Amino acid sequence: MDDNWRRLRRDCDGCERCSLCRTRGKLVFGDGNENAKIMLIGEGPGEQEDLQGLPFVGPAGQLLDEMLELIDLDRTKVYIANIVKCRPPRNRDPLPEEQEACSSFLARQIALVQPMIIVCLGRIAAQGIMKADLRITREHGKWFEHAGTMYMATYHPSALLRDESKRPEAFEDLVKLRQQIRELCPDVYGIKI
Ligand code: URA
């Protein structure tokens, strides 16, 4: 059966596949352009996201918006989702079983968006999506191709808030992202092919 956004939202609504459902405020489904060529994947909702039901709307989200702006992107040009849709208590890392319980929802979002480029924000997203032993300090900014989609990991905006010394490296990753977009999907920048 063909999947669609309405069916996926309905399946997520009221999800009780893991114990995060007991402590969440709002489930954070995802947001942005459902036809985007670029998809960003974070870790899981924080406090503000849990209150508002939207991804990256707290301090990390504000920094993410600034990072996107540096390469002329905004939320109308990307789709944003997380590894887990419900906030882990006190923002702890989502447990493997919580990530697993949520993984088919994210897989369905990726299948519906069909992005050309996926950017994993932080270690949890990169290890969940790209490879289990990925080392973010060593492998951020490197491109991996799988089944016609280009994948890159970069630092999570929360890590950049905690440690500003990582920002120049994150900026280099953004420049690589802009270059990849220009090559693969220049229409994102209004460039006709
Ligand atoms: N951090 C994440 O990983 N995702 C969000 O949506 C917000 C903060």
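Visitor: How do the residues of the lining of the second largest pocket divide into nonpolar, polar and charged?
Guide: In this predicted model, the lining of the second largest pocket comprises 8 nonpolar, 4 polar and 2 charged residues. The volume of the second largest pocket is about 250 Å³. Its lining has 14 residues, and those closest to the centre are Ile 110, Gly 128, Ile 129, Met 130 and Tyr 151. Ile 110, Ile 129, Met 130 and Tyr 151 are counted as nonpolar, whereas Gly 128 is counted as polar, because the classes place Ile, Met and Tyr in the nonpolar group and Gly in the polar group.

Visitor: Which elements give two or more residues to the lining of the second largest pocket?
Guide: Helices H4 and H5 and strand S5 (143-146) do so. The greatest contribution to the lining of the second largest pocket, 5 residues, is that of H4.

Visitor: What makes His 156 a polar contact of the ligand?
Guide: A polar side-chain atom of His 156 is 2.8 Å from an oxygen atom of the ligand. The cut-off for a pair of N or O atoms is 3.5 Å, so the pair qualifies as a polar contact.

Visitor: How do you know that Glu 43 and Gly 44 also make polar contacts with the ligand?
Guide: A polar backbone atom of Glu 43 lies 2.7 Å from an oxygen atom of the ligand. For Gly 44, a polar backbone atom lies 3.0 Å from a nitrogen atom of the ligand. Both distances fall within 3.5 Å, and therefore both pairs count as polar contacts. On its own the ligand has 230 Å² of accessible area, and the protein covers 94% of that area.

Visitor: Which residues surround the ligand?
Guide: The shell consists of Gly 42, Glu 43, Gly 44, Glu 49, Pro 55, Phe 56, Asn 82 and His 156. By class, this shell has 2 nonpolar, 4 polar and 2 charged residues. Pro 55 and Phe 56 are placed among the nonpolar residues because Pro and Phe belong to that class, and Glu 43 and Glu 49 count as charged because Glu does.

Visitor: What is the space taken by the ligand?
Guide: The ligand takes the space of the largest pocket. The volume of the largest pocket is about 670 Å³. Its lining has 31 residues, and Glu 43, His 156, Ser 158, Ala 159 and Arg 162 are the closest to its centre. Helix H7 (157-162) is one of the elements that supply at least two residues of this lining, and H7 provides the largest share, 4 residues. The lining of the largest pocket includes 12 nonpolar, 10 polar and 9 charged residues.

Visitor: Why is the second largest cavity, with a volume of about 80 Å³, counted in the search of the whole structure?
Guide: The search finds 2 cavities of 30 Å³ or more. The second largest cavity has a volume of about 80 Å³. It is called a cavity, rather than a pocket, because a 1.4 Å probe fits there but cannot get out.

Visitor: What gives the most to the lining of the second largest cavity?
Guide: Helix H8 gives the most, with 4 residues. Helix H3 (59-70), strand S4 (117-121), strand S6 (149-154) and H8 (167-184) each supply at least two residues. The lining has 10 nonpolar, 1 polar and 1 charged residues. Among its residues are Thr 154 and Asp 173; Asp 173 is classed as charged because Asp belongs to that class, and Thr 154 is classed as polar.

Visitor: Which residues lie nearest the centre of the largest cavity?
Guide: Cys 15, Cys 18, Cys 86, Cys 102 and Phe 105 lie nearest the centre, within a lining of 16 residues. These five residues count as nonpolar because both Cys and Phe are in that class. Over the lining of the largest cavity there are 11 nonpolar, no polar and 5 charged residues. Helix H4 (residues 96-113) gives the most to this lining, with 4 residues, and the volume of the largest cavity is about 110 Å³.

Conventions: Residues numbered from 1 in each chain as written. Predicted model: local features only at pLDDT ≥ 70, side-chain atom pairs only at ≥ 80, totals over all residues. Heavy atoms only, no water. Near = heavy atom within 4 Å. Polar contact = N/O pair within 3.5 Å; in protein donor to acceptor, adjacent residues only side chain to side chain. Areas by Shrake-Rupley, 256 points an atom, 1.4 Å probe, with all protein chains shown as cover. 1 Å grid on protein atoms, 1.4 Å probe; cavity = no way out; pocket = protein on both sides within 12 Å on 5 of 7 lines; lining within 4 Å. Sits in = over half its atoms within 2 Å of the grid points. Points joined across faces, edges and corners; volume = space filled by probe spheres on them.
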